[in-house]
Amino acid sequence: YSKKLSISKSMVVPMEGRNTSGLVCTLSVENEFRLHSLQSFEAIPGSKERSQMFQDAGDVGADQVFWDHLLNCNKFSVQYGSDVPGAVADGCQDLETLANASLLRSVNAHGGMNISGVNTPMIYVGQAMSPFAFHYEDTALLSISFLNRGANKMWYGVPGHQDQALERVIARAQGLVGMRAHAASQIGLNRPLHDKVTMISPNLLVEAKVPVFKVCQRQGEFVVTFPRAYHSGFSTGFNVSESVNFANEGWIPYGIKSLQAYRSLHRESVIEVERLLVLEALDSSTQVISETHARILLLLVSWVCTVTDMAKSLKIQTAKQRASQSVQGDERHICCVCSHSNFLCHFISLARPQLKACPEHVGALGHVEEDASIKLMTRLSAREVVGLTETRARQAQKHPKSPAPP
C-alpha cells in the first residue's frame, strides 16, 4: 500500500544579505491509500516528469530542484510506499540478521515480539520528491538503510552532538522563542520532530552554524545513522530501499537518556530499554558485557533499592517478579501518567489492578501515606545484579569504555 503525502510550505525565511530564502515545511498523510505493484507505482502519472527534472539537474543540482519546487508552490502531494514490513535484500545485505546480531536480539527474547522497522526490516518505495522529515531513530537507536534499486536518494544529516542546536533552529522557526524554544530543546524531541512531520532547508541550518551534511545514496549503497543524529531527505525518482535498526554497547547511554523525552511527551517508548539491558545480561550466550552496560545496570538497581526502601518506610506492600517473565504486548507495565514502560519496578493499585504508575507518579494511585491498597512490584535485587554484573563484566576492562552522551 502507498500513502498520499502532502508537503505544505509553512514558513519562508528570507536570508539576510542574500537573494534567497529558507523554508520550513510540514508533512501530512492524507486519508488516501492505494494498493500498487512496483510496476504500477513506478507508472503513477507525473512521476516520470518529476524524475526527469532531477536527471537534467544531476546529483549536484538535485537540492535546488527539490527546494525550488517547494518554494514555488504552497502545497504538493506525492505517493510514498513507506513503512511496509518485509525485506527485499538477502545474502550479505540481510539486514534482519544484522539487527538481531546486535543488542536488539533481546527484543523478542522470553516471549517478546518482533517490531517492524526496529529488529525486522521495513521497505520504502519512493518516487521523485518523496520526502522523509527530520527525525532521529526511536530510542536513539542506530539505523542502516540499503538502496536496493532505482534512483538516487538524497540525505541530510546533523551529528548527534548537535541535536539540540537543530531543535532550537526549528523551534525558533516555528515561533517558539526564548524559554519556549529552550524548553523544547531540553525535552530532547519536540512534538513536530517526534511526529516526523517537519522539514527544514539546509541553508537555514548552515546560517545558524548547525553542521549539516549531504549524502547521495546510490543503488547498492548503505547509509548508517548514529544515535541522536537527525536526518531527512527525498528521492529523485522511483526507488526501493529497506532499513532496520541496530544497537551496540555505545548506544546504551543514549537509549537510557531517550526515555526522558518519551516521558516528557507522555508517550510509550518503542522498545523497553530496561528490559533489553537486563535480558541481554541474563543471556547465558553473552560471555561479557561492557563496563558501561554493567555500570548502568547497577545504577538502575540502586534506584530500585531506593524506591523499595521508601515503600517499606511507608508500609507499602512489595512483591518480586522473575526478571525473565514475559512482558509482551498488553503486559507492559505502563505508567498511567507519563506512559513510561516500567520493567524493573512499578506500583499498582490493588483496588484498580489495571492502574499502574512509575515511582515518580505513584501519587496518581492515591494518597501514598494513607492508602494500603498500593503494591510495589520489583524484579531484580541488588545482590542479584551485583552477581550478574561481576560475572558478565569480568573482562569489561579489556574493552574500550563506551562514550556517554554529550
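Where is the place of T139? In this predicted model, T139 sits in the loop between β5 (131–135) and β6 (142–150). The legends below start there.

**View 1. Two positive phi values in the loop between β5 and β6**. T139 isn't a glycine, yet its phi is positive, near 50 degrees. A140 is another non-glycine with a positive phi, at about 60 degrees, and it belongs to the loop between β5 and β6 as well. For context, most residues other than glycine have a negative phi. Buried or exposed, then, for T139? T139 is buried, with a relative accessible area of 1%. A140 is also buried, and its relative accessible area is 1%.

**View 2. The largest pocket**. Here we're looking at about 750 Å³ of space. The lining runs to 34 residues, and D83, Y124, F132, H135 and K196 are the ones nearest the centre. Elements giving two or more residues to this lining are β1 (2–14), β2 (21–34), β3 (75–85), β4 (122–126), β5, β6, β7 (153–158) and β12 (239–246). The largest share, 5 residues, is β12's. Sorted by class, the lining comes out as 15 nonpolar, 11 polar and 8 charged residues.

**View 3. The second largest pocket**. This one holds about 420 Å³ of space. Of its 25 lining residues, V158, P159, T225, F226 and A229 lie nearest the centre. At least two lining residues apiece come from β7, β9 (213–217), β10 (222–225) and β11 (230–235), with β7 giving the largest share, 4 residues. As for chemistry, the lining has 17 nonpolar, 7 polar and 1 charged residues.

**View 4. Helix α8 against helix α10**. Helix α8 (residues 252–264) packs with helix α10 (residues 291–313) at an angle of about 30 degrees, and their axes are 9 Å apart. Angles under 35 degrees count as roughly parallel, so α8 and α10 are roughly parallel to each other. On the α8 side, the contact uses I252, P253 and I256; on the α10 side, they meet T292, H293, I296 and L300. Those contact residues split into 5 nonpolar, 2 polar and no charged.

**View 5. The cavity**. How many cavities of 30 Å³ or more does a search of the whole structure find? The search turns up 1, with a volume of about 40 Å³. Its lining is made of L259, S269, E272, V273, E274, R275, H340, S341 and F343. Helix α9 (residues 273–282) provides the largest share of that lining, 3 residues. The class split is even-handed: 3 nonpolar, 3 polar and 3 charged.

Methods: Residues numbered from 1 in each chain as written. Predicted model: local features only at pLDDT ≥ 70, side-chain atom pairs only at ≥ 80, totals over all residues. Heavy atoms only, no water. 1 Å grid on protein atoms, 1.4 Å probe; cavity = no way out; pocket = protein on both sides within 12 Å on 5 of 7 lines; lining within 4 Å. Points joined across faces, edges and corners; volume = space filled by probe spheres on them. Nonpolar A, V, L, I, M, F, W, Y, C, P; charged D, E, K, R; others polar. Axes fitted to C-alpha atoms, helices over the stretch in contact; angles between N-to-C directions. Parallel < 35°, antiparallel > 145°, perpendicular 65-115°, else oblique. Contact = heavy atoms within 4.5 Å. Buried < 20%, exposed > 50% of the residue type's maximum accessible area, 1.4 Å probe, protein only.
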